[in-house]
Amino acid sequence: AGGLLERGLPVMLKHEFRAGGRGNEILSPVEGLTPVGAQHAVHVNGRAELEAYVARRWDWLTSNGRSPMVVERYHPDSRALFAEFDITDKGVEFAGQGELISAPLAAAQIIPAPGLAGDALAALLDGGRLLCEPLHAMGYRGTLSADAILTPESRVLFTEYNGRITGSTPVYRVFGEQVVGPGYARERVLFDRDGWPVPSFDEALAALAGAGLAYSPRTRLGAVLVTPYNTSNGSVRYCLAAESVDDAWRGQAAIEALFAGGRR
């Protein structure tokens with residue numbers, strides 16, 4: 001970490017076993033860096049401040065030394081992408097891909113990832129498949145998600161893989177393939193949002209229907225609620241099908257406005 005910071009480059013410190021950016025912190029040699037994909041961005045000026053930070057945060061970053069900590073270069077203004085694959089006895093098969101949206105923590109995703117240039121999409125899928133091949137040879141069978149970032153210089157850099165069903169898997173497998181239909185990736189954009197603040201599940205469902213925003217099998221557009229009411233933070237998760245990325249963002253804004261300002 002010190003070597004990167006001394007070169008003027010920000011650093012991401014990652015707890016090995018925390019998900020959704022909740023175990024991440026960014027160290028920056030300059031002030032004012034906006035954290036995306038991490039809880040905080042900490043200005044560190046010189047090695048003494050770095051050592052003081054590590055001493056102060058070591059137990060949190062490592063669960064009191066029980067878990068590894070990962071150090072990565074942080075690339076500001078990058079897009080977070082994923083590609084998922086099914087690994088079976090027959091080989092490796094592509095399953096779905098998309099973009100994770102963080103503000104600042106991972107809370108939403110768009111499937112498929114919008115506006116990926118051909119080279120970037122090929123690098124994501126080809127690199128993800130390469131990650132799958134040794135795991136297939138080792139005997140792993142199941143879902144594998146290859147996570148990557150697309151930097152402002154259009155480089156695709158892989159950050160990790162998850163050998164499990166992820167939060168993205170049911171979005172394209174269930175909502176995409178089974179509800180919207182097999183052509184979802186060509187004909188629709190799926191927008192998934194976790195943590196929509198609502199008074200209750202029933203009131204959220206009624207509000208969607210009343211505003212004409214609930215999913216319609218006839219048009220294959222609209223939103224469904226995909227989790228029970230989360231009593232710990234007063235929220236639900238929804239998936240929205242739209243005809244375009246712009247329509248997806250407009251739908252998201254309309255849904256979020258239903259209970260904006262504490263209206264119940």
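# Exercises on a predicted model

Over residues 203-248 the chain is 26% helix and 26% strand, and the end C-alpha atoms are 22 Å apart. The structure used in these exercises is a predicted model.

**Exercise 1.** State which feature UniProt places at residues 203-248, and describe this stretch.

*Solution.* Step 1: the unreviewed UniProt entry gives the feature "domain: PGM1 C-terminal" for residues 203-248. Step 2: helix makes up 26% of the stretch and strand likewise 26%, with 22 Å between the C-alpha atoms at its ends.

**Exercise 2.** Determine the strand order of the open sheet of four strands, and identify its edge strands.

*Solution.* Step 1: recall that strands of a sheet pair through backbone hydrogen bonds, either parallel or antiparallel. Step 2: in this open sheet the order is S3-S2-S1-S4, and the pairing is mixed. Step 3: strand S3 (40-43) and S4 each pair on one side only, and they are therefore the edge strands, given that two strands pair if there are at least two bridges between them. Step 4: from one strand to the next, the twist averages 25 degrees.

**Exercise 3.** Describe how S1 is joined to strand S2, and name the helix that packs on the sheet.

*Solution.* Step 1: S1 and strand S2 (residues 24-28) run antiparallel and are joined by four bridges. Step 2: one of the residues to inspect is Leu-13, whose bridge partner in S2 is Glu-25. Step 3: helix H2 (residues 47-62) packs on the sheet and touches S1, S2, S3 and S4. Step 4: the direction of H2 makes about 175 degrees with that of S2.

**Exercise 4.** Characterise the largest pocket by its volume and its lining.

*Solution.* Step 1: the volume of the largest pocket is about 1,500 Å³. Step 2: it is lined by 49 residues, of which Gly-20, Gly-21, Leu-100, Asp-147 and Glu-160 are the closest to its centre. Step 3: several strands each supply at least two lining residues, among them strand S1 (11-15), strand S8 (142-150) and strand S9 (156-162). Step 4: S5 contributes the most to this lining, namely five residues. Step 5: sorted by class, the lining holds 17 nonpolar, 16 polar and 16 charged residues.

**Exercise 5.** Carry out a similar analysis for the second largest pocket.

*Solution.* Step 1: the second largest pocket holds about 190 Å³ of space. Step 2: its lining has 14 residues, and those closest to the centre are Gln-97, Pro-112, Ala-113, Leu-121 and Ala-185. Step 3: S6 and helix H5 (184-187) are the elements that give two or more residues to this lining. Step 4: S6 provides the largest share, four residues. Step 5: the lining of the second largest pocket comprises 11 nonpolar and three polar residues, with no charged ones.

**Exercise 6.** Examine the backbone at Pro-112 and at Ser-63.

*Solution.* Step 1: as a reference, most residues other than glycine have a negative phi, and most peptide bonds are trans. Step 2: the bond from Ile-111 to Pro-112 is cis, with omega near -5 degrees. Step 3: Pro-112 lies in the loop between S7 and helix H3 (118-138). Step 4: Ser-63, a residue other than glycine, has a positive phi near 50 degrees. Step 5: Ser-63 is located in the loop between H2 and S4.

Terms used:
Residues are numbered from 1 along each chain as its sequence is written. This is a predicted model: local features need pLDDT of at least 70, side-chain atom pairs count only at pLDDT 80 or more; totals for chains, interfaces and linings use all residues. Side-chain values use heavy atoms; hydrogens and water are left out. On a 1 Å grid over the protein atoms alone, a cavity is a set of points where a 1.4 Å probe fits but cannot get out, and a pocket is an open set with protein on both sides within 12 Å along at least five of seven lines; lining residues have an atom within 4 Å of a point. Grid points are joined across faces, edges and corners, and a volume is the space filled by probe spheres set on the points. Ala, Val, Leu, Ile, Met, Phe, Trp, Tyr, Cys and Pro count as nonpolar, Asp, Glu, Lys and Arg as charged, and the others, Gly among them, as polar. UniProt positions are given in the numbering used here, feature names are shortened, and annotations may be inferred rather than shown by experiment. Axes are lines fitted to C-alpha atoms, for helices over the stretch in contact, and angles run from 0 to 180 degrees between N-to-C directions. Contact means heavy atoms within 4.5 Å.
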